[in-house]
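Trainee: I would like to go through this structure by question and answer. Please show it before we start.

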Amino acid sequence: MGPGPVTSSCGLEATPQTSYHDPSHFTHIAVCGGNNYLDPHEDKALSEYLREACKQGVKLVGVCTGTFAIARAGLLKGQRVCVHWNVINDFRRQFPQIDATPDRLFLESVRVITCAGSSGATDMALHLIRRECGPDKAQQAIRHMILNGMRTSNSPQTHFFEAIQDIRDERVRVAVLTMEQSLNTRLDSQALAERINLSPRQLDRLFQQEMGTTPMRYFKTMRLRYAEWLLQHTDGSIAEIAAECGFSDASHLARDFQAHYTYSPRQSRRKGLRNQASAEAS
């Protein structure tokens, strides 16, 4: 850790009182990410410390965007890592040689644990408590945090994201990312176009050229796919899922869902339960 104050993303300055401790004092070192993950500049002191820790057999833990720092230190070659769905495209763009997935809460290899962050960090911590301290301590922690239980590492992230790396037009890419962040709203073509400084007609033409469909049709398909994911991976009511996906009510969702998939939301939920039972039995 270098001299002088460190400024957080909200502008708060903190002055470190000590330098990095000898990594041999630890079994695990967690790197917690911040909002500067898009900055490709490497913190050389941090990278050097992480490489030394790895050399001494200390397991590194990348929490949320902390995985970016471990990758910049060159310590994720040949590793499959878990990254939050909201930053997966940025991670793949910066580190195309690293196999990254947004479909797990956390992943552990011999040298490193990578975690999606957010609530997934709790499940990862409980996993470590269970392994290092025993199931009784893990259950005690679950009760203390008023949780219903612990999700396993291969539990899927509650997420929905679009693979945008093949979208050539930057304006269309921004539009798709905007849709992704607006799945629970009734975003119209005028509002979407204004966010990208285009007219609705210009955006429509670009979308037809790049995606072969209109922006609003694409957005509806995204919302329906998200609804199907929620139906098969959560126990929320159909009305709650309709609201989460920007539909006016359960009937509106059911009507559009049936037209798109040729089966109903209830049938989709039963399909998800069958798949879950089959996975648990295997």
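What follows is a short exchange on this predicted model.

Trainee: How many helices and strands does the protein have?
Mentor: Start with the overall extent: the C-alpha trace spans about 60 × 45 × 35 Å along its principal axes. Of the 282 residues, 42% are buried. The secondary structure count is 12 helices and eight strands.

Trainee: Which strand pairs in parallel with β8, and which in antiparallel?
Mentor: Three bridges join β7 to β8, and E108 stands opposite I113 there. With three residues between them, β7 and β8 form a hairpin. Four bridges join β8 to another strand, with G62 standing opposite T114. The antiparallel partner is therefore β7 and the parallel partner is β4.

Trainee: Are the residues V112, I113, T114 and C115 of β8 buried or exposed?
Mentor: They point to two sides of the strand: V112 and T114 one way, I113 and C115 the other. Both sides have the same status, and all four are buried.

Trainee: Which residues of α4 are buried?
Mentor: Helix α4 covers residues 120–133 and reaches 19 Å, close to the 20 Å expected. The cover over its buried residues includes β3, β4, β7, β8 and α5. The buried residues are G120, D123, M124, L126 and L128.

Trainee: Which residue follows α4, and what is its phi?
Mentor: The helix has 14 residues and runs over 120–133. The residue that follows is G134, with a positive phi near 105 degrees.

Trainee: Is S153 buried, partly exposed or exposed?
Mentor: S153 is found in the loop between α5 (135–144) and α6 (170–180). Leaving out residues up to four places away in sequence, S153 touches R104, L105 and F106. Buried would need under 20% relative accessible area and exposed over 50%. At 23%, S153 counts as partly exposed.

Trainee: How far apart are S153 and H260 in space?
Mentor: In sequence, 107 residues separate S153 and H260. From C-alpha to C-alpha, the distance between S153 and H260 is 32 Å.

Trainee: Which helix supplies the largest share of the largest nonpolar core?
Mentor: This core has 31 residues, and those with the most contacts inside it are M179, L192, L203, F207, I241, C245 and L253. At least two residues each come from α6, α7, α8, α9, α10 and α11. The largest share, nine residues, comes from α9.

Trainee: How many residues are in the other core?
Mentor: It lies apart from the largest one. I29, C54, A71 and V81 are among its members, and the core has 26 residues.

Trainee: Which residues does M179 touch?
Mentor: M179 is one of the residues with the most contacts inside the largest nonpolar core. Residues up to four places away in sequence are not counted here. The residues touched by M179 are L192, F207, P215, Y218, F219 and M222.

Trainee: What are the helix and strand percentages of residues 173–271?
Mentor: An unreviewed UniProt entry annotates this span as "domain: HTH araC/xylS-type". Its end C-alpha atoms lie 32 Å apart. The span is 73% helix and 0% strand.

Definitions and conventions:
Residues are numbered from 1 along each chain as its sequence is written. This is a predicted model: local features need pLDDT of at least 70, side-chain atom pairs count only at pLDDT 80 or more; totals for chains, interfaces and linings use all residues. Side-chain values use heavy atoms; hydrogens and water are left out. Buried means under 20% relative accessible area, exposed over 50%, partly exposed in between (1.4 Å probe, protein chains only). Contact means heavy atoms within 4.5 Å. The expected span of a helix is 1.5 Å times one less than its number of residues. UniProt positions are given in the numbering used here, feature names are shortened, and annotations may be inferred rather than shown by experiment. Two strands pair if DSSP finds at least two bridges between them. A nonpolar core is a set of buried Ala, Val, Leu, Ile, Met, Phe, Trp, Tyr and Cys residues joined through side-chain atoms within 4.5 Å.
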